[in-house]
Amino acid sequence: MPSPDPRAHTTLGSAAPVEAAEPFGAPPVGAAAIELRAVTRVYRDRPALGPIDLTIPAGEFLTVVGPSGCGKSTLLSLVAGFAPPTAGSVLAEGSPVTGPGPSRGVVFQQPRLFPWLSVSGNIAFGLKRWPKTSRAERVAELLAMTGLENAARLKPYELSGGMRQRAAIARALAPRPKVLLMDEPFGALDAFTRERMQEEIRDLWRSTGVTVLFITHDVTEATTLGTRVLALAGPPGRITLDAPVSGDLREKVEAAIRTAASARADTTA
Amino acid sequence: MNLALRLGAVVFLLAVWQAVAWLKIWPPVFVPEPVAVFDQLLRTSTEGYSGYTLAGHLLASLRRIVLGCLYGVGGGIVLGLLIGVVPVLRTLLGPLVTFVRTLPPLAYLSLLVIWFGIGEEPKVWLLLLAALPPVAVATADAVRGVHDDYLNAARSLGARPWEIPYRVVLPSALPEIVTGVRVAVGVAYTTVVAAETVNGVPGIGGMVRDAQRYNQTDVVVLGIIVIGLSGLLIDYLLQTLDRRLVPWRGRHI
């Protein structure tokens with residue numbers, strides 16, 4: 001699926017160290033959306049992750065799958081800037097990550113909406129320094145994108161689980177982040193809602209061109225959503241598989257599943 | 001249904017009270033008749049007592065409570081935020097707040113009278129000191145209990161470090177703070193009579209104290225009932241405020 005984002009047409013994976021030293025400069029041409037160089041993370045003498053080398057090109061939908069406690073959430077918090085790496089470096093568009101920032105939006109397993117703000121207020125949280133009119137436009141745009149037009153004035157506790165997570169995604173996307181980090185975002189939803197949300201996040205990824213790093217412990221979710229799947233084992237978390245998922249492969253897998261399902265339906269009939 | 005139950009309980013209590021008074025086991029100086037108390041209600045409301053009407057006494061007390069609570073709640077929130085956010089201040093001020101909280105207000109009333117005289121200042125200070133610790137402790141605990149995800153979400157949405165306390169931490173802590181305020185107002189209420197033992201007229205506490213001096217038990221009982229009822233009313237108002245301010249209380253999000 002070709003992305004309309006011009007970033008997708010640049011050469012990927014070669015960070016320019018000179019420009020990277022400038023914190024406020026334009027992103028270095030050809031820098032990957034996210035790059036991890038020999039990154040390790042130790043929690044209280046316990047190695048949690050790494051060493052890991054990873055390049056996430058702009059526009060990719062990378063899913064990271066692995067069992068609980070394998071270090072996938074640690075990987076996400078390092079990229080988000082919530083925690084510093086013990087060794088190695090994390091780069092976002094060629095610049096070292098020194099903390100969280102609006103270029104990397106985060107969606108947590110729980111929606112974590114601010115309960116004192118309406119859905120609109122939550123979405124507008126990251127737009128504080130935007131001019132008022134463009135802020136309102138952006139909020140309206142996101143409400144439409146996530147199908148929450150009628151929920152704009154509702155408070156988080158008045159929403160269903162799926163709507164809450166949609167609002168959380170809208171809030172994370174509002175400041176136009178380059179990268180969307182999702183930490184098992186659909187893990188707490190029922191199966192039906194989860195499937196719908198999976199479709200919606202694919203559509204959002206296609207329409208916005210945002211780079212997605214998606215953590216899950218669900219293998220099917222990882223292979224159906226991602227354009228590339230990373231399998232992590234640990235602790236300490238290490239990459240045991242790094243494989244691209246081509247669109248037609250996914251279609252083949254889906255077709256195979258459908259055929260198998262209908263075959264089973266035939267035999268039981 | 002609830003209202004009927006409550007009214008019934010009040011009527012029952014009044015009946016028991018009247019019966020005990022009629023039996024004359026104790027002289028009226030110990031147990032005044034409800035009728036006598038009601039009579040005092042009318043007389044203090046019209047003629048007044050110690051130079052002020054009942055409403056005048058009540059308003060003077062309420063004014064002290066409101067002022068003391070405003071200062072106490074404001075100071076408590078600021079202090080609680082500081083204690084909750086800055087580890088050094090937690091070490092320094094935490095024990096001090098607990099120290100003040102465990103002191104009975106009467107213990108430092110004398111000191112306040114020496115410092116501030118016998119006017120309004122020592123009374124408001126006493127209520128402030130009574131109202132501050134519950135709010136400070138509730139705020140500090142709530143601030144420390146804010147889930148990391150909220151702070152991380154705010155920071156990754158571009159909130160600056162100095163914005164976090166008022167944009168995220170304080171509103172997150174609001175349910176506990178409001179509970180702390182309710183406790184604080186309750187403590188201020190129980191303290192106001194003590195605050196008015198020194199030159200407390202006008203004031204419900206001063207009125208009760210004067211009545212005690214002249215063995216006017218009916219006025220004493222009237223004062224107690226007025227304090228209790230106005231306290232109930234204020235707590236009801238605070239509960240309404242609570243529902244308005246933190247409608248998400250108790251709901252998992």
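This note goes through a predicted model of two chains, A and B, in numbered points.

1. Overall content of chain A. The chain contains 8 helices and 10 strands. It has 269 residues, of which 43% count as buried. Among the contacts in chain A with a separation of 6 or more, 68% are accounted for by residues 24 or more positions apart.

2. The sheet of 6 strands in chain A. These strands form an open sheet in the order β6-β7-β8-β3-β9-β10, and the pairing is mixed. The edges are taken by β6 (104-107) and β10 (238-244) of chain A; each has a single partner strand, so one side of each is left without a neighbour in the sheet. From one strand to the next, the twist averages 15°.

3. One edge of that sheet. β6(A) runs parallel to strand β7 (residues 179-183) of chain A, and 4 bridges join the two. As an example of the pairing, A:Gly105 has A:Leu180 in β7(A) as its bridge partner.

4. The sheet of 4 strands in chain A. This is also an open sheet; its order is β2-β1-β4-β5, and its pairing is antiparallel. Here β2 and β5 (95-96) of chain A are the edge strands, each pairing on one side only. On the β5 side, strand β4 (residues 87-92) of chain A pairs with β5(A) in the antiparallel sense over 2 bridges, and A:Leu91 stands opposite A:Pro96 in β5(A). As general background for reading any such sheet, the side chains of a regular strand alternate between the two faces of the sheet.

5. The hairpin within the sheet of 4 strands. Strand β1 (residues 34-43) of chain A and strand β2 (residues 46-56) of chain A are antiparallel partners over 7 bridges. They form a hairpin with 2 residues between them. A:Tyr43 has A:Arg46 in β2(A) as its bridge partner. In the turn, A:Arg44 has a positive phi of about 45°.

6. A helix against this sheet. Helix α2 (residues 72-80) of chain A lies across β1, β2 and β4 of chain A. With respect to β1(A), helix α2 runs at about 120°.

7. A helix pair in chain A. Helix α5 (residues 161-173) and helix α6 (residues 191-208) of chain A pack at an angle of about 20°, and their axes are 11 Å apart. Angles under 35 degrees count as roughly parallel, and α5(A) and α6(A) are therefore roughly parallel to each other. The crossing of α5(A) past α6(A) is right-handed. On the α5(A) side the contact includes A:Gln165, A:Ile169 and A:Leu173, while A:Arg196, A:Met197 and A:Leu204 are among the residues that α6(A) contributes. The residues of this contact divide into 4 nonpolar, 5 polar and 1 charged.

8. A residue before helix α5 of chain A. Is A:Tyr157 buried or partly exposed? A:Tyr157 is partly exposed, with 15 other C-beta atoms within 10 Å. It lies in the loop between α4 (132-145) and α5 of chain A. A:Pro115 is 42 residues away from A:Tyr157 along the chain, yet their C-alpha atoms are separated by 7.0 Å.

9. A helix pair in chain B. Helix α6 (residues 120-144) and helix α9 (residues 174-195) of chain B have axes that come within 8 Å and cross at roughly 160°. That makes α6(B) roughly antiparallel to α9(B), since angles over 145 degrees count as such. α6(B) passes α9(B) in a right-handed crossing. Among the residues making the contact are B:Leu126, B:Ala130 and B:Val135 of α6(B), and B:Val183, B:Val187 and B:Thr191 of α9(B). By class, the contact of α6(B) with α9(B) has 16 nonpolar, 4 polar and 3 charged residues.

10. A buried proline in chain B. B:Pro105 is found in helix α5 (residues 105-116) of chain B. It is buried, with 20 other C-beta atoms within 10 Å; a residue counts as buried from 20 such atoms upwards. Leaving aside neighbours within four places in sequence, B:Pro105 is in contact with B:Leu126, B:Leu129, B:Ala130, B:Thr191 and B:Ala194. The C-alpha atoms of B:Pro105 and B:Ala188 are separated by 9.7 Å, with their positions 83 residues apart along the chain counted as the separation.

11. The meeting of the two chains. In this model, 14 residues of chain B are in contact with 23 residues of chain A. Helix α7 (residues 148-156) of chain B supplies the largest share of the side of chain B that touches chain A, namely 6 residues. That side divides into 8 nonpolar, 3 polar and 3 charged residues.

How values were computed
Residues numbered from 1 in each chain as written. Chains lettered and ligands numbered in written order. Predicted model: local features only at pLDDT ≥ 70, side-chain atom pairs only at ≥ 80, totals over all residues. Axes fitted to C-alpha atoms, helices over the stretch in contact; angles between N-to-C directions. Parallel < 35°, antiparallel > 145°, perpendicular 65-115°, else oblique. Left-handed = near helix turned anticlockwise from the far one by under 90°. Contact = placed C-beta atoms within 7 Å. Nonpolar A, V, L, I, M, F, W, Y, C, P; charged D, E, K, R; others polar. Buried ≥ 20, exposed ≤ 12 C-beta atoms within 10 Å, placed from the backbone. Pairing = 2+ DSSP bridges.
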